[in-house]
Amino acid sequence: MGSLRTRIGHKVADAIIASVRVGQQMTKPVLVLGNQVVQRFPKEFVPLGSERNDAQGRVVYDFFAGIGPELAHPGGDLPGANRWDDPLDPDHPIPVILVHGTAGGAQTNWATYVPLLTDAGYSVFSLTYGAIEGSRWPISALGGMRPIEESAAEFGAFAEKVMGATGSDKVHVVGHSQGTLVPNYWAKFLGGADKIGKYVSLAPLWEGTSLIDAASLVFTGANKRLGLDPATVIPCRALPQMMDGSRFIAKMNSDGGPYVPGIEYTNISTMHDELVRPFTSGQTPGGDGVTVHNIVLQTGCSKDLSDHLGICGSPRAAAYVLNALDDEPMRVVPCQMVAPFFGTPLLRRTGGVPEFIAPLAASPKRSPGWRRSDRASHADSQ
């Protein structure tokens, strides 16, 4: 009976997806017009980006700062990301892949982290995984919709491409939400165990979330009438997999826990996470032979009110990420007011590289292999 309900749910989901595609076709003229309008906005209102990071290495601490670039360049790359032909910085010989959350994308999730990490000397790559097959923009910009197993294979292929282009035998990972599970599935079950060095997770959910269980109460009437699980009807096949107690979560935590020996994990959670419930789902301790660092943003700093989205715009979280990636962490971790939803309050969300790091961080070393464009930007900023 359960499998029948699942099949019915998938058919309903397919019908929803088909209707979405029809809607896309009908709204295409409006989207084209919107794109033309956004292109005319001043950069101060909608940061559209440019071919290279600007000379100041500006970092905008706002989870939604990537929407402007996505509107301006649908399906494109943020400035500084995916430079396939540029050599690695000898001081940072392992590239970093940014892995978005559910309904996120290569641009929309990472407008804070691409300039942050590129200015720190890292080669940064990002992808949109798990988009609805056959969809067109803007639906194609919503990643994390397909089963996590499929997304993990897609991530693995991207990671192999990154390693091939850069000559590195490993990648570092910075993931958010569902993006904290996808690369780990590749590492644990699809042959990527020895290809990830450092694994930094923002709002992770190793043990799943109870939020969807609570949300299902809203649809009790539909359950009684149709015998359907709402999670199978929503056109996001990954959603039911992230519930606590799901088969996927049970498999991920098999063999003593979710972690893969040889990978260094850093989990960064917020007490105000409204989607990962409880937030401690992302603070799973490591077992024998596994290195795990668990961090809660509010420990020692009650002013950081980051929620599930705002954590990607928090300067405090950003400093923890940089320290986790560095072999010798030296960044000062700030404690300042951070608003939920966006990140740093709107009037103070733009900083240097960032401003709390600049006085204490050593200038990146320049070498013959350093990118020519970055040498020019450094000279222009003096």
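**View 1. The whole chain, with its eleven helices and eight strands.** Welcome to the overview, drawn from a predicted model. Of the chain's 382 residues, 49% count as buried. The accessible surface amounts to about 17300 Å², and carbon and sulfur atoms hold 59% of that area. If you like contact maps, here is a handy figure: among contacts with a separation of 6 or more, 78% are between residues 24 or more positions apart.

**View 2. The largest nonpolar core, a set of 39 residues.** Look for I97, F155, L181, I196 and Y265, the members that touch the most others in this core. Two or more residues come from each of these elements: the strands β2 (96-99), β3 (124-127), β4 (171-176) and β5 (196-202), together with the helices α4 (148-166), α5 (182-189) and α9 (247-252). The top contributor is α4, which gives seven residues.

**View 3. A closer look at I196 and its surroundings.** I196 is one of the residues that touch the most other members of the largest nonpolar core. Once neighbours within four places in sequence are set aside, its contacts are K170, V171, V173, P183, W186, A187, G262 and I263. Apart from the largest core there is another one, made of 31 residues, including L98, V114, Y122 and L325.

**View 4. V99, a residue of strand β2.** Is V99 buried or exposed? V99 counts as buried because its relative accessibility is 0%, and the cut-off for buried is under 20%. Leaving out neighbours within four places in sequence, V99 is in contact with W110, Y129, F155, V173, V174, G175, H176, G179 and P183. For a distance to check on screen, try V99 to S177: the two are 78 residues apart in sequence, and their C-alpha atoms are 8.9 Å apart in space.

**View 5. Helix α10 (residues 315-325), a mostly covered helix.** Eleven of the eleven residues of α10 are buried. Going along the helix, these are P315, R316, A317, A318, A319, Y320, V321, L322, N323, A324 and L325. What do the buried residues of α10 pack against? Their partners are α3 (113-119) and the strands β2, β4, β5, β6 (264-269) and β7 (291-296). L325 also belongs to the core of 31 residues.

**View 6. The start of helix α10, with S314 and R316.** Zoom in here for a single polar detail. A side-chain oxygen of S314 comes to within 3.2 Å of the backbone nitrogen of R316. R316 is itself among the buried residues of α10.

Definitions and conventions: Residues numbered from 1 in each chain as written. Predicted model: local features only at pLDDT ≥ 70, side-chain atom pairs only at ≥ 80, totals over all residues. Heavy atoms only, no water. Core = buried A, V, L, I, M, F, W, Y, C linked by side-chain atoms within 4.5 Å. Buried < 20%, exposed > 50% of the residue type's maximum accessible area, 1.4 Å probe, protein only. Helix = DSSP H or I, 4+ residues; strand = E, 2+ residues; numbered from the N terminus. Contact = heavy atoms within 4.5 Å. Areas by Shrake-Rupley, 256 points an atom, 1.4 Å probe, with all protein chains shown as cover. Polar contact = N/O pair within 3.5 Å; in protein donor to acceptor, adjacent residues only side chain to side chain.
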